[in-house]
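Q: I am new to this structure and would like a close look at a single part of it. Could you take me through one place where two helices meet, and then show me how that place fits into the rest of the chain?

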Amino acid sequence: MNRMICRVTVLAAGLALSLAACERKPNPHVLAVPIVGEGSTFSAPLYKVWVNRYYANTGQEVIYTASGSSQGVDAVITGRAVFGGTDAPLTAEQLERTGGVVQIPTTLGAIAIVHNVAGAPTNLQLTPAVLAGIFLCEITDWHDERITGINPGLMLLPERIEVVHRSDGSGTTKVLTEYLSKVSPAWRERIGSSNTVEWPCGTSAKGNDGVMHAVKRTPASIGYVALNFARVARLPVAAIGTRGGQFVEPSLDSVTAAAAAAVTLGLDPLQTIVDVEGDDAYPISTFSYIVVRRDLRDGAEARALAHFLWWAVTDGQSYSSMLHYATLPPAVVAYAEQQIQAMLGKGGQPILAADVDTK
């Protein structure tokens, strides 16, 4: 029986989403076993909706575990999972370890600077220099004149700043530290950019959800999470200064503006889009990716995975905005499709021909 009516309720980062009734279509590429992936916690809320919706539509089960970007890449390297989620393109070292891979941009999001500051429930503004100074632990009090000077309307109390950062290997950390390295020579020289760094101070928590909860329960704290997690926890987010001196909060519009500026500059989706030009572009925006070995030995599994990924970068984009992710621009969708078509199955043959009907 090929038709069925279904309703799926998904819990994504604490947000219950009831998906509409669906009609399962015949799919000759459904496996009897699940397709297994793990990685990015940044994109996990969207991926969890995708896997539930895709199962409802096709009957193909996909399992995704939010373990962190470093774990996602490691899972592909070791063969623990067939795909990995990461919020930053692979480094040269990772590429050498994985061999041939494809890196498929799947969504766009913002890394929000969240805080729990008395006297600043909303409208906190931070310049790039001040943000770097806080995470470098050179600015240690919320009443520091470098903060109060750019927030004249807020009643900031003389409280010690409590920094919260990730404990695990994190693409979210990689993107934030890449931004800080671009805007702060001191950060670039002392700390640098990586999935894990030696933080000068602060407490650590695992995953976006761990940082979210730590900031929520710690007075005078500041941290960084995917925008979805900030919205679910109802944490205030800071507006970050742009190159032109404007202050921009993370939102669907400001993330989309960052992606549009990157496309205008001719940047491909494997290049950073932090600190791009544009007074309406949120400076700490990023693509998120799924990484797959280019040459997959199991032809049936490879084809089922390719069809899921094709659906994710096309039809799956319709679920992005409800979870505070931006949809991929058309040029990036085309790039993602090219990457999927570059996947090879048994004997080195393309899994999907360029003209195949992937719907």
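A: At 4% relative accessibility, A220 counts as buried, and this residue will return below, after the helix pair that you asked about. Please keep in mind throughout that the model is predicted.

The part to look at is the meeting of helix α1, which covers residues 44-58, with helix α11, which covers residues 299-313. Their axes lie 11 Å apart, and the two helices pack at an angle of about 115°. Angles of 65 to 115 degrees count as roughly perpendicular, and α1 and α11 are therefore described as roughly perpendicular to each other. The handedness of the crossing of α1 and α11 is right-handed. On the α1 side the contact is made by W50, V51, R53, Y54 and N57, while α11 brings A304, H307, F308, W311 and A312 to it. Sorted by class, the residues in this contact of α1 with α11 are seven nonpolar, two polar and one charged.

From here one can follow α11 into the interior. The largest nonpolar core has 105 residues, and those that touch the most other members are I113, L126, I134, F135, I284, L305 and M343. It is α11 that gives the most to this core, with 10 residues. For L126, leaving aside residues up to four places away in sequence, the residues touched are I113, L131, I134, I150, I222, A238, A239, I240, G241 and F247. A second core, separate and made of five residues, includes V73, L90, V101 and V291.

Two loop residues deserve a careful look as well. Most residues other than glycine have a negative phi. A220, however, has a phi near 65°, a positive value in a residue other than glycine, and A220 sits in the loop between α8 (207-217) and β12 (221-226). H324 also has a positive phi, near 70°, and is again a residue other than glycine; H324 is found in the loop between α11 and α12 (330-341). With a relative accessibility of 28%, H324 counts as partly exposed, whereas A220, at 4%, counts as buried.

Stepping back to the whole protein chain, one finds 12 helices and 15 strands. Of its 359 residues, 55% count as buried. Among the contacts in the protein chain with a separation of 6 or more, 72% are between residues 24 or more positions apart.

Key
Residues numbered from 1 in each chain as written. Predicted model: local features only at pLDDT ≥ 70, side-chain atom pairs only at ≥ 80, totals over all residues. Heavy atoms only, no water. Axes fitted to C-alpha atoms, helices over the stretch in contact; angles between N-to-C directions. Helix = DSSP H or I, 4+ residues; strand = E, 2+ residues; numbered from the N terminus. Parallel < 35°, antiparallel > 145°, perpendicular 65-115°, else oblique. Left-handed = near helix turned anticlockwise from the far one by under 90°. Contact = heavy atoms within 4.5 Å. Nonpolar A, V, L, I, M, F, W, Y, C, P; charged D, E, K, R; others polar. Buried < 20%, exposed > 50% of the residue type's maximum accessible area, 1.4 Å probe, protein only. Core = buried A, V, L, I, M, F, W, Y, C linked by side-chain atoms within 4.5 Å.
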